[in-house]
Amino acid sequence: MNAAAAPPLLEVSGVSKQFAGVKALDNVSLDVYAGEILGLLGENGAGKSTLLKILSGAQPPSSGTIRFAGEDYRPASPDEAKRAGIVTIYQELSLIPTLSVAENIFIGRAPVNRLGFLDWRRMREQARAHIARVGLTIDPDTPVSVLSVAEQQLVEIARALSIESRLIIMDEPTSALTESEVQKLLGIMDRLRSEGVAIMFVTHRLEEASTICDRMTVLRDGRVAGHLLREDGQPIPIPSIIEKMVGRAASELYARPTERHAAGAVRLSVRGLRTKRDPEAPHAIVLDGIDLDLRVGEILGVAGLVGSGRTELARAIFGADRIESGTIQLDGREIAPQSPADAIELGIGLVPEDRKHQAIFAMLGIRQNFSIAALDSYSNAIGLMTEKKEREALASYRKALSIRMASPEQAIEGLSGGNQQKVIMARWLTRNPKVLIVDEPTRGVDVGAKAEVHQILVELAAQGIAVMVISSELPEILAVSDRIVTMRKGRITGEMPASEATEEKLMALMALNQRQGEAA
């Protein structure tokens, strides 16, 4: 840690970065000490990615100085940064799936014997030692393609350790992990800290940062908004983090956005819903007799731990998973969507939890991503797309939802998570849906944009859309919902008005095996 006698391992002093007249970083200074975890936090666009690129050697700073291990540090490439002892592990892993674990760890620097040939035995032995250090017990010859995301993440860390990294920068390392995998990774980070390795932890997940970080540097609009320090061994308070990030109190972000309208008649009714078990996925969650109603103009929150069946419920209603038994009624009429296309025609929309892989077409522009679910609305009499119609419709939703973008032709992958989410919501609104299911509405969305997304959901309900919100964040469920149901192992375990709910009550119901009141 930062004992008075120990100088910082990394010193960033007055670093700025300018792109075409825009300052992405403005006079940023921070320190990282050996054997500590420094959190680097901030909203999307705060400057975190730019600073990471500078530290990793991908970009030079426009001004300012950086020192590492007591020497001037200005790497011309990521390879130079690695040789100096700084390795960055990005959210998008850089492993080669067709190669083995050992080959990935030593790619580009494999050990050779006296004759100059690859020394497979030594490479396997060294790889085994490195993966054991991060808690993996797999065979070094295992192809990376068969590993889970969490295991691949640990292989990346093992590779960083194999080149004797003194500072490991982790960019959103837990974004695709389950809760148990997250806890394992945090345990590995704690162990590396005790071994003297410095870690810079970049994350949107404030609870994890609060728990694991010794100190935090918070960026806002390219500047340092403040530094926070763990005191007396206690987690850094999340309200303090949020206030530094967004410049306003945390209570404003999870407040119920507006006065709510009374819900109307039942729009969607599910009774006895069961899904088929896939023989090839025996451990997958199946729905086991789900009963629920969703009313016109209502936001129904669905809460549950990982593996509770929340996403499976959304997929079954949307026609993506096969239903074994039970019924679904829409406005009193029984429906049986056999595919998402059927559900869309019936007036059901789904914003999935995995925005990157299931919702956006990353290489296409915002305009194409916006119109993809309603192509017939933007076609002329002979079936050709009318770009003018697309642009006009997008312009109206851009204003209504406050979508921040340079132009309709901008690639959607260039938008922040919050603005991508707004584009996807606008995509469904063009179809005037009867039911909109939103799975993890603010996953990967910076903390300041959460309140905007919540307000949009409330406004959609006020327009008469029946909204189902699935979220792993209980404060979010409490903030946006009119009524809440809890799930566990494919079953409903409880239901209550949001006005009567608390995190403690919901967590207790999420841990039950049966609906409240039934025998266990």
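This is a short talk on the overall build of one protein chain and on one of its helices.

Hi everyone, thanks for coming. Please keep in mind that what you see above is a predicted model.

Let's begin with the whole chain. The protein chain has 17 helices and 20 strands. Its radius of gyration is 25 Å, and the globule rule gives 24 Å for 520 residues, so the chain is as compact as a globular protein of that length. If you draw a box along the principal axes, the C-alpha atoms fill roughly 75 × 55 × 55 Å.

How much of the chain is buried? Of the 520 residues, 49% are. On the outside, the accessible surface is about 23,500 Å², and carbon and sulfur atoms account for 50% of that.

Now, contacts. Take those between residues at least 6 apart in sequence: 66% of them join residues at least 24 apart.

A word on charge for those of you who think about buffers. The chain carries 60 positive and 67 negative charges, and the mean positions of the two sets lie 2 Å apart.

Let me finish with one helix, α9, which covers residues 310-317. Why do I call it largely enclosed by the rest of the structure? Because 6 of its 8 residues are buried, buried here meaning under 20% relative accessible area. If you'd like to find them on the screen, they are R310, T311, L313, A314, A316 and I317. After α9 comes G319, and its phi is positive, near 80 degrees.

That's my tour, and I'm happy to go back to any part of it with you.

Key. Residues are numbered from 1 along each chain as its sequence is written. This is a predicted model: local features need pLDDT of at least 70, side-chain atom pairs count only at pLDDT 80 or more; totals for chains, interfaces and linings use all residues. Side-chain values use heavy atoms; hydrogens and water are left out. Helices (H or I, at least four residues) and strands (E, at least two) are DSSP runs, numbered from the N terminus. The radius of gyration is taken over C-alpha atoms; the globule rule is 2.2 Å times the number of residues to the power 0.38. Buried means under 20% relative accessible area, exposed over 50%, partly exposed in between (1.4 Å probe, protein chains only). Contact means heavy atoms within 4.5 Å. Accessible areas come from the Shrake-Rupley method with a 1.4 Å probe; for residues, only the protein chains shown count as cover. Lys and Arg count as positive and Asp and Glu as negative; His and the chain ends are not counted. The place of a charge is taken as NZ of Lys, CZ of Arg, CG of Asp or CD of Glu.
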